[in-house]
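Thanks for sharing this one. Here are a few notes to read alongside the structure, in numbered points.

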Amino acid sequence: MKELDVLVIDAQGGGLGRQIITAVKKEFPKIIITAVGTNAIATSNMLKAGADHAATGENAVITGCRRADLIIGPIGIVIADALFGEVTPRMARSVGQSAAKRLLIPMPTVNRCDNIVIGAVRLSVDEMLAEITAYLKAEMNQ
């Protein structure tokens, strides 16, 4: 089974990141997840959800993006100044230029980055989390 270096990035209170980590760890308890929050609260909540490593801030995002095989987070992590300005231009560029694959989650019901993905199917957070774990299963079995 292929091992992946998974990076979860979140902002605000880290609620989506917490849910992602909980769902991934439930399905893949041995997978190593690094959580990076744009602020200490987001990082703390993701660490409580079971992240193996955690860090906070711009440089942690930049460094994590260089090491990751897979980056998971809200779509705002690739948009400068998104999430009420918590995503800096350097963070967005690092995520966008990373060699990692990105699983970006559109959050139309809680749009905090003023970007709407037209044509994206409206799924519940639980349905999106199921899509993430299905992707990981397929990726790890390659």
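**Notes on the sheet, its helices and two loop-and-helix details**

1. Strand 1 (residues 6-10) and strand 4 (residues 70-74) run parallel and are joined by three bridges. One pairing to look up on your screen is V6, whose bridge partner in strand 4 is L70. Please keep in mind throughout that this is a predicted model.

2. Stepping back, these strands belong to an open sheet of five strands in the order 3-2-1-4-5, with parallel pairing. The edges are strand 3 (53-56) and strand 5 (101-105), each of which pairs on one side only. From one strand to the next, the twist averages 20 degrees. As a reminder, strands of a sheet pair through backbone hydrogen bonds, either parallel or antiparallel.

3. Which strands does helix 1 lie across? They are strand 1, strand 2 (33-37), strand 4 and strand 5, and helix 1 runs at about 155 degrees to strand 1. Helix 2 (residues 40-48) also packs on the sheet, where it touches strand 1, strand 2 and strand 3. The direction of helix 2 makes about 155 degrees with that of strand 2.

4. Within helix 2, have a look at T43. Its relative accessibility is 7%, so T43 counts as buried, the cut-off being under 20%. Apart from neighbours within four places in sequence, T43 is in contact with V36, G37, A54, A55 and T56.

5. Helix 1 (residues 15-27) has a helix partner too: helix 6 (residues 125-140) packs with it at an angle of about 45 degrees, the axes being 10 Å apart. The two helices are therefore oblique to each other, and their crossing is right-handed. On the helix 1 side the contact is made by L16, Q19, I20, A23, V24 and E27, and on the helix 6 side by V125, L129, I132, T133, L136 and K137. By type, the residues of this contact divide into eight nonpolar, two polar and two charged.

6. Two backbone details deserve a friendly flag. Most residues other than glycine have a negative phi. Q12 is not a glycine, yet has a positive phi of about 50 degrees; Q12 sits in the loop between strand 1 and helix 1. L83, also not a glycine, has a positive phi of about 55 degrees and lies in helix 4 (residues 82-85).

7. Are Q12 and L83 buried or partly exposed? Q12 has 24% relative accessibility and so counts as partly exposed, whereas L83 is buried, with a relative accessible area of 9%.

Methods: Residues are numbered from 1 along each chain as its sequence is written. This is a predicted model: local features need pLDDT of at least 70, side-chain atom pairs count only at pLDDT 80 or more; totals for chains, interfaces and linings use all residues. Side-chain values use heavy atoms; hydrogens and water are left out. Axes are lines fitted to C-alpha atoms, for helices over the stretch in contact, and angles run from 0 to 180 degrees between N-to-C directions. Helices (H or I, at least four residues) and strands (E, at least two) are DSSP runs, numbered from the N terminus. Angles under 35 degrees count as roughly parallel, over 145 as roughly antiparallel, 65 to 115 as roughly perpendicular and the rest as oblique. A crossing is left-handed if the near helix is turned anticlockwise from the far one by less than a right angle, and right-handed if clockwise. Contact means heavy atoms within 4.5 Å. Ala, Val, Leu, Ile, Met, Phe, Trp, Tyr, Cys and Pro count as nonpolar, Asp, Glu, Lys and Arg as charged, and the others, Gly among them, as polar. Two strands pair if DSSP finds at least two bridges between them. Buried means under 20% relative accessible area, exposed over 50%, partly exposed in between (1.4 Å probe, protein chains only).
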